[in-house]
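The following exercises are intended for a reader who is new to this structure. Each task is followed by a solution in steps.

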Amino acid sequence: MVKELAGVGGLDDGAEPSAGRRGVVRFLHEEAAPAAARMVLGNALRHFRADAKLKQETVAALLGGSTSKISRIETGVFRLKPADLETLLRVLQVTNPADRRVLRELASFANERAWWQPWSPVAQPYLLAVVSYEDLARRIRSFEALYLHGLLQTAEYGQALIRRGRGGPLEHERLLELREERQKRFAAVPENRLVCVIAEGALRNPVGSGLVMRRQIEHLLDLMSDPRYQLRIAAQGDPRVHLEIGTTTVFDFSEKILPTLVYAESFEGGLIIDDEMMVDRRVKAFDALRAVSLAPPATRRKLQDLRSLYR
């Protein structure tokens, strides 16, 4: 729905979506995370503000709020109330009926209860933010340094990994349900693409038993027959392979509903990167790593070799 709405009524005004994006980096742990649907609305409002040649300070004064509030609206952190939206439409001089209708529908969609909300009591806020980006992205580019991407994991592998984390059996079971639902929803969209580079060490360091790893590698081999999953292995011992980028996911959205975003994972949270120059550096680093990783035929052979390590 968001992808359709964002292309209506002139939201793509011909301006470069990433222009002027500077210094937007958030470390997420327990705090509220910017959901993708709210970011779509905020991105559209930012475009209209730019068209009206208004600064955030000016809009804040006319709205009767703070500059910080306008910034949180445009970055998707703040839930926009209907009354505030109507004031913004007037302040931003949005007079075209089609534009006004689209923005209202975007706001309504952004305020709806998301499908992943039932898992919010057990899932970290940054994980739910990542899930929201997965839900709207059409291409996901990922480098996995330690473990396999959640969209690639078998249930057994996911269960073994989740059990290492905090919480008890009931919470672990709920998180596994969320992972399975993510995989189903991603696989249900024919246009989706996952371009994943996997460090060889992530497959040599076992998660669970040898049988779990063997079945996981067989699952990866099966996925390679599906054009939506493009897998490459960053081989150990290859001096061209530099892994300094760390575990990184790049989200590319269709129809310019959002600029490309980067998620960089850490032990206790993750960085959401919207800064244009930082995103560009991460994307280039990922593309360079992918270029020196094993091509698909060699990746398949490597997976077959690694499978033989596990019984």
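**Exercise 1.** How are H3 and H4 oriented to each other: roughly parallel or roughly perpendicular?

*Solution.* The model is a predicted one. Begin with the general approach: a pair of packed helices is described by the angle between the axes and the distance between them. Here helix H3 covers residues 56–63 and helix H4 covers residues 67–74; their axes are 8 Å apart and form an angle of about 110°. Angles from 65 to 115 degrees count as roughly perpendicular. H3 and H4 are therefore roughly perpendicular to each other.

Next, identify the residues that meet. H3 contributes Gln56, Glu57, Val59, Ala60 and Leu63, while H4 contributes Thr67, Ile70, Ser71 and Glu74. Sorted by character, the residues of this contact comprise 4 nonpolar, 3 polar and 2 charged.

**Exercise 2.** Determine whether glutamate 200 is buried or exposed, and state which residues it contacts beyond its sequence neighbours.

*Solution.* First, locate the residue: glutamate 200 belongs to helix H10, which spans residues 200–204. Second, apply the cut-off, under which a residue is buried below 20% relative accessible area. The relative accessible area of glutamate 200 is 3%, so this residue is buried. Third, list the contacts. With neighbours within four places in sequence set aside, glutamate 200 is in contact with Ile233, Ala234, Ala235, Gln236, Lys302 and Leu306.

Fourth, consider strand S4, residues 229–234, in which 5 of the 6 residues are buried. S4 pairs with strand S3 (residues 193–199) in the parallel sense, over 6 bridges. In this pairing, alanine 234 of S4 is the bridge partner of alanine 199.

**Exercise 3.** Where does histidine 149 lie, and which residues does it touch?

*Solution.* Histidine 149 is found in the loop between strand S2 (137–144) and helix H8 (155–162). Its relative accessible area is 7%, so histidine 149 is buried. Not counting residues up to four places away in sequence, histidine 149 touches Glu134, Ile140, Ser142, Glu144, Arg182, Cys196 and Thr249. For one of these, cysteine 196, the separation from histidine 149 is 47 residues in sequence and 8.1 Å in space, C-alpha to C-alpha.

**Exercise 4.** What share of the chain's residues is buried?

*Solution.* The chain has 311 residues, and buried residues make up 50% of them. Its secondary structure consists of 13 helices and 7 strands. Among contacts with a separation of 6 or more, 77% are between residues 24 or more positions apart. The chain exposes about 14,800 Å², of which carbon and sulfur atoms supply 52%.

Conventions:
Residues are numbered from 1 along each chain as its sequence is written. This is a predicted model: local features need pLDDT of at least 70, side-chain atom pairs count only at pLDDT 80 or more; totals for chains, interfaces and linings use all residues. Side-chain values use heavy atoms; hydrogens and water are left out. Helices (H or I, at least four residues) and strands (E, at least two) are DSSP runs, numbered from the N terminus. Buried means under 20% relative accessible area, exposed over 50%, partly exposed in between (1.4 Å probe, protein chains only). Contact means heavy atoms within 4.5 Å. Accessible areas come from the Shrake-Rupley method with a 1.4 Å probe; for residues, only the protein chains shown count as cover. Axes are lines fitted to C-alpha atoms, for helices over the stretch in contact, and angles run from 0 to 180 degrees between N-to-C directions. Angles under 35 degrees count as roughly parallel, over 145 as roughly antiparallel, 65 to 115 as roughly perpendicular and the rest as oblique. Ala, Val, Leu, Ile, Met, Phe, Trp, Tyr, Cys and Pro count as nonpolar, Asp, Glu, Lys and Arg as charged, and the others, Gly among them, as polar. Two strands pair if DSSP finds at least two bridges between them.
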